Each structure stands twice: as C-alpha cells, then as structure tokens.
Amino acid sequence: MEKIKEKLKSVRVRLFITLCAVIMFLVLCLITINSLVLENFYMYSKTKTIKEVYQKINQYYAKPNLEYNLENELKKIAFRNNFDILIKTDTNLILFSTDKDFLDNLNKITEMTKIQSSKERANIIYTDENMEIRKIADSANSLNYILLTGNLVNGYSLYIRIPIAPIEESVRISNEVLVLIGLLTIIVSSFAASLISRKFTEPILQLNEITNQMAKLDFSKKYRITDSDDEINKLGKNINTMSDKLETTINQLRENNKELEKDIEEKSKIDEMRKQFISDVSHELKTPIALIQGYAEGLVENVNNDEESKKFYAEVILDESNKMDKLVKQLLELMKLEYGKREFNDEKFDLVELIKEVIRKCNVMLEENEIEVIFEKKEPIYVYADDFYIDQIVTNYFTNAIKHAEVVDGKKQIQITIEQKEAKVRVFIFNTGKNIEEENLDRIWGRFYKVDSSRNRGDGGSGIGLALVKAIQTNYQNAYGVVNKEDGVEFYFDINKEKSRK
C-alpha cells in the first residue's frame, strides 16, 4: 500500500493518469455529442434535401423543359437518398411513384393524420402555405417516417417519404464504432501517454536526483544537456552552473575551515606545550632548586668556615645549575619534537662511524663500570636521517645500557648489532642484567619515568631520554622498542636507508 501511494505521488504516474483521463473524457464527449446531435443533424440534412427536391420539381412544372427527363432524375434522387417519391394529379391519377405500396401507405397515413390531436402537431418539422414536413409514427408497421406533403404550381400533389429507421440505425452503428474506436484510442493513447510521460518526466526525475545529491553536498552528478532548447534543458544548464559554483564555494569554505582548524590546533598545541612545559619544569626543578637554595644559605650563613666545605657547597650549586640547564634544554627539545615544531636536517651519513664515536665519548664510563663493548661492524652503512637526533637515540640507549649493565655469567657486556632490511636499518643495543618488569615495558617511554626509583641523582639521569627517543622515532614514523632477553635487555630502533617518499 505504501509503495502504491509513493507511485501515485510520482509526476510520471500522475501525468500518465491525467493524459488517459483526458482521452477518455474526449471519447465520452464524442459519443454523447454523436447521440444527441447526429440524429437531429441527419433530420435537418434530409429535411433540407427534400425541400430542394420539392423546389426542383416545382421549377420543372413551372417552366417545363422537354430535354429534361424528370422521371429518370427522380429515380436517381430516390435511389441516392433512400426516398419514396409520389406525384399525383389533381384527379388523383398517379403520375410517378418509386414504390407501388407508397399510395396505400399514404392513404393510411392521411387518414391517421386527420384524426391526430392538436397535441401531436408537435411532430410537424416544417410548414408553409404550399408544403408541410412532419414526422409520422406508423405503429401498425412499427416504422417512423419523415413525410413531405406539398402542392405543386400546376395543382399536382407531391409526396416524399424518408424512413427514420436507417437514421436511428446509423446513430447506433456510429456510437458502436465510436466506442470501439474509443477503446482502441484509449489503449493506443495509454501507450503513447506512457511514452510521453516518461519523455517529459525523465529529465525532471534526473534533476530531482541531482538536487538530492546536491543537498548531500555531492556535486559529482551533472544534468545531461540535449540539443533541445526548451525550459527543462535551460533549467538543467542552470542547475549544472549552480552545482559547479556551489562545489567551488564549498571546497573553498572547506579549505578555509581546514586552515582555521589548523590555526586553532596550532594555538592549542602551543598552549598545551606551554602548560606541559611549565608543569614539567615546576615538577623537576623542585629538587635542584631546593638543593641550590640550601647550599647557598649555608654559604651565606657560614655554616662551615673551612675553605674545603665552601668549595664543596659551591660545586654542588654549580652541578645542580648545570643539571637544571640541561633539563630545561631537553624539555624544550622534547616539546618541539612532540608538537611537530622541529625540522629535521636529513642527509646521508655513516651509521657505523656515528656509533663508534658514541662509544669513544662514553669510554670513561665504560672503564669505570668495567663493561665490555662488542661492536664488530667495520664497513660503512649509510642511512638517511638527521645525524644529530640519531646520535641522541644511540647515546640515550648506550648510556642507559651502561647504567643498567650487570654481571651475568662472570661478565658485564654491551653488544651493538646492525640488521639491514630492504628500506630500513635496525640497530640493537643489548646489555647484560635484570629484565624490565612486563608492566613497565610501555611506561619507560613516558617522560620522567624511572624503573629504579631508588637511584640517586648522581647518575645524571633526568628520566626523559627514552621519551626523546619515542618523539624522534614518531616524527620519522619508524619503529622502536625494548625486548627482555634471557640474560639482559635489548633496545632497538629503525632508520631509513633512503629519503622516504611520503
């Protein structure tokens, strides 16, 4: 039922129904007009014809023409018009008759006409001083006639009879033919109406679909322009133009909106960075500031008068100041990396040489901790990145390994290996010692997180080294991580061999 209602709302269906209804109405009008008018028109036409015959006969007798054969002419007229014609002299002598029974019927009609009441004079169609035309109902023979009774100029009497039954039969046949034609017309017209309605509604439905898509901000569909120069084609052109302009305008608005969102995001990032920086600095600088303040007060108040103690106090203050400076710089660098404010100066360099340089820089720490370093690579391995940040990653991993290296099976070792892949190089830095607890494997990459909370400040760790590694690798979209091994811990990170194609 709902589908039927939806279809009835369709322009195509309504146009089809309207065209069919109009055609049916026209056919019914034709049948009605034929029924009401045809008989009367036929009567009028025949009445006019018999008048003309009367006048022609009257003219013949008024001016006789010996070359003109009246009898043959009357036979032709009677045959052509289905007339019965009778001419009687003033002495009741039959001069001409097309039907031998016409005189008998005429006497009966004359007698019947004499006894007709005045009410039945309504059957008179036409009358004047010489002629009368009336409609006769012959109930005895179940026939109806039109009868002309007239007096000719020579005193003769003229009678012309036209049966009405053929007229009525013609009207009936005509109506039947009209009904048949009407049915065929309705069938053919229904098919034609379907084609016409489809032809007219297809572009409208197409425009409707296009505007529906436009309402959903989809401007991909366009109206198919035809060669016709009608209103629908012009409307289609205008909708296409409007669609193009709307698409351009909306795309421009989207671009502007993206720019605005980007600006807002940038401002939000800067604000978030500022808040985070203040929070981190205020959290991490509490201890060094407290130490500097305490030792400075000791110097001011001369807690220890000897020069050795004063020197120690001054060295502590200087050491904490250096740590504060380094921490602030690291925090700033981490903020820039995390919020995408740092640009990388990528270039090709020898990764093997960089690792060897880091090992040389940490040689004193290695000797103090009696750690053996195993790094067997000698041939150059070239990678594409910012060597400053790769140096930071290697340094953070390496110093972290030094701090946590322990004796296992009588040896304390750090082992560096390089694995080459198709487009990447993966660096592994392993140190012997205790494993990291499983719940801490993800936490160690957060800022200021330290697995061993009991470590003193003398080891120089700030707790943001691995956070820097995470930020650098995230910017490069490269892998990094840590894996617990049987006798130690292994950190790894990836570097691109060539410039990445983004």
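Ala, Val, Leu, Ile, Met, Phe, Trp, Tyr, Cys and Pro count as nonpolar, Asp, Glu, Lys and Arg as charged, and the others, Gly among them, as polar. The exercises below concern a predicted model.

**Exercise 1. Describe the largest cavity: its volume, its lining and the elements that supply the lining.**

Step 1. The count comes to one cavity of 30 Å³ or more, and about 30 Å³ of space lies in the largest cavity.

Step 2. The residues that line the largest cavity are Tyr384, Ala385, Ile390, Gln473, Tyr476, Asn478, Asp494, Ile495 and Asn496. Sorted by class, this lining has five nonpolar, three polar and one charged residues.

Step 3. At least two residues of the lining come from each of β9 (382–385), α12 (465–476) and β13 (488–496), and the largest share, three residues, is supplied by β13.

**Exercise 2. Determine how far α12 is enclosed by the rest of the structure, and what follows α12 in the chain.**

Step 1. Helix α12 has 12 residues and spans 17 Å from its first C-alpha to its last, which is close to the 16 Å expected at 1.5 Å a residue.

Step 2. The buried residues of α12 are Gly465, Leu466, Ala467, Leu468, Val469, Ala471, Ile472, Gln473 and Tyr476. Because nine of the 12 residues are buried, α12 is largely enclosed by the rest of the structure.

Step 3. After α12 comes Gln477, which has a positive phi, near 60°.

**Exercise 3. Find how the buried residues of α3 are arranged around the helix axis, and examine the loop between α3 and β1.**

Step 1. Helix α3 (residues 70–81) has 12 residues and reaches 16 Å between its first and last C-alpha atoms, close to the 16 Å expected at 1.5 Å a residue.

Step 2. In α3, Leu70, Leu74, Ile77, Ala78 and Asn81 are buried. Viewed down the axis of α3, these buried residues fall within an arc of 95°, so they line one face of the helix. Lys76, Phe79 and Arg80, on the other side of α3, are exposed.

Step 3. In the loop between α3 and β1 (84–88) lies Asn82, which is not a glycine and yet has a positive phi of about 60°. Most residues other than glycine have a negative phi. Since its relative accessibility is 43%, Asn82 counts as partly exposed.

**Exercise 4. Classify Glu370 by its location, its phi and its accessibility.**

Step 1. Glu370 is placed in the loop between α10 (363–369) and β8 (372–374).

Step 2. Its phi is near 55°, a positive value in a residue other than glycine.

Step 3. The cut-off for exposed is over 50% relative accessible area, and Glu370, at 68% relative accessibility, therefore counts as exposed.

**Exercise 5. State which residues Ser157 and Ser174 touch, leaving out residues up to four places away in sequence.**

Step 1. Ser157, in strand β6 (residues 157–163), touches Leu86, Ile87, Lys88, Gly150 and Asn151. With a relative accessibility of 14%, Ser157 counts as buried.

Step 2. Ser174 belongs to helix α5 (residues 165–215) and touches Asn34 and Leu38. The C-alpha atoms of Ser174 and Ser35 are separated by 8.7 Å, although these residues are 139 residues apart along the chain.

Step 3. For the chain as a whole, 65% of the contacts between residues at least 6 apart in sequence join residues at least 24 apart.

Notes. Residues numbered from 1 in each chain as written. Predicted model: local features only at pLDDT ≥ 70, side-chain atom pairs only at ≥ 80, totals over all residues. Heavy atoms only, no water. 1 Å grid on protein atoms, 1.4 Å probe; cavity = no way out; pocket = protein on both sides within 12 Å on 5 of 7 lines; lining within 4 Å. Points joined across faces, edges and corners; volume = space filled by probe spheres on them. Helix = DSSP H or I, 4+ residues; strand = E, 2+ residues; numbered from the N terminus. Buried < 20%, exposed > 50% of the residue type's maximum accessible area, 1.4 Å probe, protein only. Contact = heavy atoms within 4.5 Å. Expected span 1.5 Å × (residues − 1). Arc of directions from axis to C-beta.
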